[in-house]
Each structure stands twice: as structure tokens, then as C-alpha cells.
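Reader: Please present the structure, and then let us discuss its packing in questions and answers.

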Amino acid sequence: MATKKAAATKKAVTKKAVAKKQAPRTKAAAKKKAAVTTKKKSAAKEQAAPKQRLAKYQSMRDFSKTAEPSGATDPPDPGPGNRFVVQRHRARALHYDLRLEVDGVLASWAVPKGPTLDPKARRLAVHVEDHPLDYFDFEGVIPSGEYGGGDVIVWDWGTWSPGKDGQDPVRAVESGEIHFDLAGEKLSGRFVLVRTDRKGDKNWMLLHKQDDHSVPGWDAGDHLRSVKSGLTNDEIKDAPRDTWTRDRPPGPTPAELTALDEIGAKGEWVFQGRELQLTNLDKVLFPAREGEEPVTKRDLVRYHALIAPWMLPYLEGRPVNTNRFPDGVDKKGFWFKAHPSHAPEWLTRWYYDDHGKGETEWYTVIDSPPALAWMANYASLELHPWTSKGDAPNEPTWAYIDVDPGPKSTWDDVLVLTRLYKTALDHLGVQAGPKVTGKRGIQVWVPIARGCTFDETRAWVEGISRAIGAIVPEMVSWAWTKSDRGGKARLDYTQNAINKTLVAPFSARPAPGAPVSVPIEWDELDDPDLAPDRWTIRTVLDRVHQAGDPLRHLIGLQQHLPPI
Ligand SMILES: [Mn+2]
């Protein structure tokens, strides 16, 4: 247990170290950072300036065609200068690009078989042109026909340090031998890069020393997900352009989490530069599941901070309706749409131009990790973003399918109905992803191109749903009122309307143990352990770190609904 905890802390520290473009938190930190940068610059005077060293990189690319960074401008915050990244790049041949930040550029080697923790393995590493610092977290698709055409993910990242005291990394690279320690999310411990042939030859060897971090038989191919987005190369390849260029927002640092734990019943918490006034932190919001502790408001604030990198992509730019339970889920909650009058200035709000008489005018838009944490403190524990975005509220970007079980529906009924939808969607060539609701049902989210109306999405979902209802009439009722449905399931297409919503992926649900709505792979429908409330706010983070988010690559997909 102790080891696992230590590993988790190390991981968190690494994340902090690589968190991109974060402003220094204090003036002292800013000064220290500036001093380090200046010192580095003067030490590098004899070397060519980074921009000159990128001439080769730039000459090989047409930046009007590729989304890769040009390196023409300096990154806004160079940081302490010791980051490393490994990008998994499927070009003509698969390889892993190992890049060490050295004096203002990324010194780079292409490793066909990938780095390994196996101390017996020797891996060919081809020394390639220096890359600009902006390349550090590049993830996306380089157009075919361009240099390096193919898909790229940030396979690992972290910090590196010289393995020999006082070794100048620029000289070490020139001399053809560099020893270094990596602290990444996948790679750690002592590595050596050594040129295998005469001076100037491109062929080097990469190896891992025998140490506490070495693992016999470790293979890069067994670890396929991006540490930046959680996506695989296949998912990046299929993703629409506006998804993969966006950064995953950072989660909380270990220090911020410790500070949260140290607040009493109430107090101020500084999270990513925002001051949150937290109250009633030890209040139980969710009663315990059997064998577990009850879930307090502090637990929910912590969860919202940690899940932010995964949940925010579903909330950004959208007005949100919330289900609030200030006295805990044992008491009746209430729907709340209005932007709270006492909300801090920095909480984004949006005005609904077409609001009806007496309807809510200002809505909250949750667009940052602190905003999500603020909502937890406000006991807005269930978050329902609109299907449309604030910039075009009458154009849905998702169509919803809602398999809503009745009192007499079994879990098997829900699975049968969901599989029927999958068959229908496959037949139509439509991409969509299921998620368990955290209660009893499953929803299927269908990404759609802008320009569609709610009348169109609603009619489309109704059309498919009626067809499915006709196949299994014994399972489904079309009665409007619950009491007339005879306990059967409802295939609810009516949520495809403005200001109607379904619960967000990763939102908690008001039930004991704080279950969570979670996107799943289609083939998980066949997993005998699958249950609609399988994951809670205590277990879902492990789930996403292992399995990623199968729905994420569909966000923003510009898909046109075929006629039924
Ligand atoms: Mn490459």
C-alpha cells in the first residue's frame, strides 16, 4: 500500500512539474524562475540561438499545411528547462520520438521499438533534428504527404535530470553519450543514449540501466494511451480537429489537495489561482454505501477538482442546469438554472436571449476546474449541460438516446434495448457512445454537426426509437405518464429540445455512495460486471486512468444524421 501511495504522489508531482503555461503562484516564485532562465541563457552564449538551431526543422515542413508548431515565436513560459516528452508517432513506420529539453530546444531521437524499462534491451534511437519547445505537447494529425505524415500522441511526459553531476547536456549530446534520469508517468529511472558509430552518425542506442525502476520485459506497445488526452493514436486519428488541438485542463496539485484537507469545517481554498470560500465541508451529502464511509462535501469538492480534466470538455461553452442538494441527497433536491447572484466575478455566465417570460435569463457556464469545484461547494452535485452551446443555442451538438427503465424493467432489458440501438446506428453508419447513468439506465450520445435543429434531432431519435420499440413491444411503453406505462421502459426522445438535458458524463448522482455517470465502450455491454451504478466518485478516477474516456473522441464530431 505504502509503495502505491508513494507512486501516486510521485505521479502527481510530475504532473505539477509539467503543467504547461501555469503562471508562477507568487512573486518570489516568478523571480526565481526568471533567475533560472537568465542563468541558462548566459551559459548557452557560445551555442547557436535556439531559433537558428530550428532552421533544419523549419525547412522540412510547410506550416500552411501541417498543424505542427513552427517554433517562430517563443513559448510564453519556458519553465525551468528540464522537461522531456515521448510522442508515439505513426508515420510511414511507427516510432516513438524521445525529446529532451536542452537549452531552448527539444533534442530528439526516433526510437522505432520505443523506450523500455527492461534493462536487458538495447533500442535503436535515430538522432533527428531539434524540435521547437512548442512541440512539447503536440498531439494530432500531420497531413499525409507532409513530412512525418501520420498521427501523434503525447505518449509520456515529465522531467529529466542529468545522470552525471555537472554534465553540460549540450556538450554531452555533441560527444555522443548522455546519461539521464527520467521522472515521467510511464518512464522513470536512469537511461543512457550513446552514439554507436563514428562522430556524426545518426544511429544511437537507448538503454535503461538496472535500477529500482527497471522492469524486465516491459514493452511500450502495452501502454498505448496518451498521458495528455487519454486517447490512443486511433482515437486521435478519428477525432475532429477542434478536439485534439485543445489542451486537457490541469487537475489540482498535491499541495492544493493537502490544503483542501487542512481546511476546517469552512475556510478559503486557493485552487489554480482562484479563491474559493468553502463551507460545511464535513457535512454528509451522500449516505454511505454498505461497507463504505459516507461522502462529505469535502469529498465532492475534491472529486470535482480531480475529475475536471475529464469532465470539462462536456461542459465548456454550454449553459448548465443543476440539481442541488444543499441538505444532502436524503432530502429532496431542486432544479436550479439561474446563475447564483452571489457567484464570484470569475464564474462565467451566459445570457439566454430567447428566454420566455418569467424564465431564467442568466445561466452559469462551467469552463474551468475552479468553477467545477465551486459548484460542488454549492451542492450542485448533478450537472446537466445543454445539448447546444451558448454561441448557437438553437443548434444541438448532441442527439440523445435515453433508455429509461421502468419499475419492472430488468438490467437485461436495458442491455437488450441498448444493443438494438447499437445495431441500428451501425446500420446507419452513425458514430455514438453509450454511458451508464449512475442510476438504472443507459444513455447513448450521438455527436452531430452544427446546423441541425432540435426538431430534427428529436424526430430522428424518435424514428429509431419507434423502430426498436416495435421489435420488443413487451419491454417498451409509449405512454406519456409513468402510471400508464405498466412498469415498462421508456425510450425518451423528448429530451432533444432546447434547455432540456441529460446528466453529464462523470457527474455524480443523488444516491448513497455518490455513483457517477460513466462513458463505456460498446463491448462493455457484454461485461457481466457492468452495472449502471458500478462506479462512484471514489472509484471512477482509477477507471479513467486505466480505460480513458471512450466517449471523448466523439466530442465535436461533425456528423450529419442520415435519413431513416
Ligand atoms: Mn516522428
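Reader: Which residues does Met311 touch, leaving aside those up to four places away in sequence?
Author: This is a predicted model, in which local features need pLDDT of at least 70, side-chain atom pairs count only at pLDDT 80 or more, and totals for chains, interfaces and linings use all residues. Residues are numbered from 1 along each chain as its sequence is written. Two residues are in contact if their C-beta atoms, placed from the backbone, lie within 7 Å. By that criterion, and not counting residues up to four places away in sequence, Met311 touches Leu372, Ala504, Pro505 and Phe506.

Reader: Which helix gives the most residues to the largest nonpolar core?
Author: A nonpolar core is a set of buried Ala, Val, Leu, Ile, Met, Phe, Trp, Tyr and Cys residues joined through C-beta atoms within 7 Å. A residue is buried if 20 or more other C-beta atoms lie within 10 Å of its own, exposed if 12 or fewer, and partly exposed in between, with C-beta atoms placed from the backbone. The largest such core has 77 residues, of which Leu300 and Met311 touch the most other members. With nine residues, the helix that gives the most to this core is H9 (residues 297-311).

Reader: From which domains does this core draw at least three residues each?
Author: Domain bounds come from an automatic or database domain assignment. With those bounds, the core draws at least three residues from each of domain 2 (254-385) and domain 3 (393-554).

Reader: On which side of H11 do its buried residues lie?
Author: Helices (H or I, at least four residues) and strands (E, at least two) are DSSP runs, numbered from the N terminus. In H11 (residues 411-428), the residues Val414, Leu417, Thr418, Leu420 and Tyr421 are buried. The arc, taken from the directions from the helix axis to the C-beta atoms, is only 155 degrees for these residues, which puts them on the same side of H11.

Reader: Which elements are included in what covers the buried residues of H11?
Author: Asp412, Thr423, Asp426 and His427 are exposed on the other side of H11. The cover over the buried residues includes strand S21 (398-404), strand S22 (433-436), strand S23 (442-447) and helix H12 (454-471).

Reader: Is S21 largely enclosed or largely open?
Author: S21 pairs with S23 in the antiparallel sense over six bridges, where two strands pair if DSSP finds at least two bridges between them. Asp402 stands opposite Gln443 in S23. S21 also pairs with strand S24 (residues 490-491), in the antiparallel sense over two bridges. Six of the seven residues of S21 are buried, so this strand is largely enclosed.

Reader: Which strands form the edges of the open sheet?
Author: The open sheet has five strands in the order S24-S21-S23-S22-S25, with antiparallel pairing. Within this order, four bridges join S22 to S23, and Pro434 has Val444 in S23 as its bridge partner. Each edge strand pairs on one side only, and these strands are S24 and S25 (518-519).

Reader: Is Val284 buried, partly exposed or exposed?
Author: Val284 lies in strand S12 (residues 284-286). Not counting residues up to four places away in sequence, Val284 touches Pro294, Thr296 and Gly328. Because Val284 has 17 C-beta neighbours inside 10 Å, this residue counts as partly exposed.

Note on methods. The expected span of a helix is 1.5 Å times one less than its number of residues.
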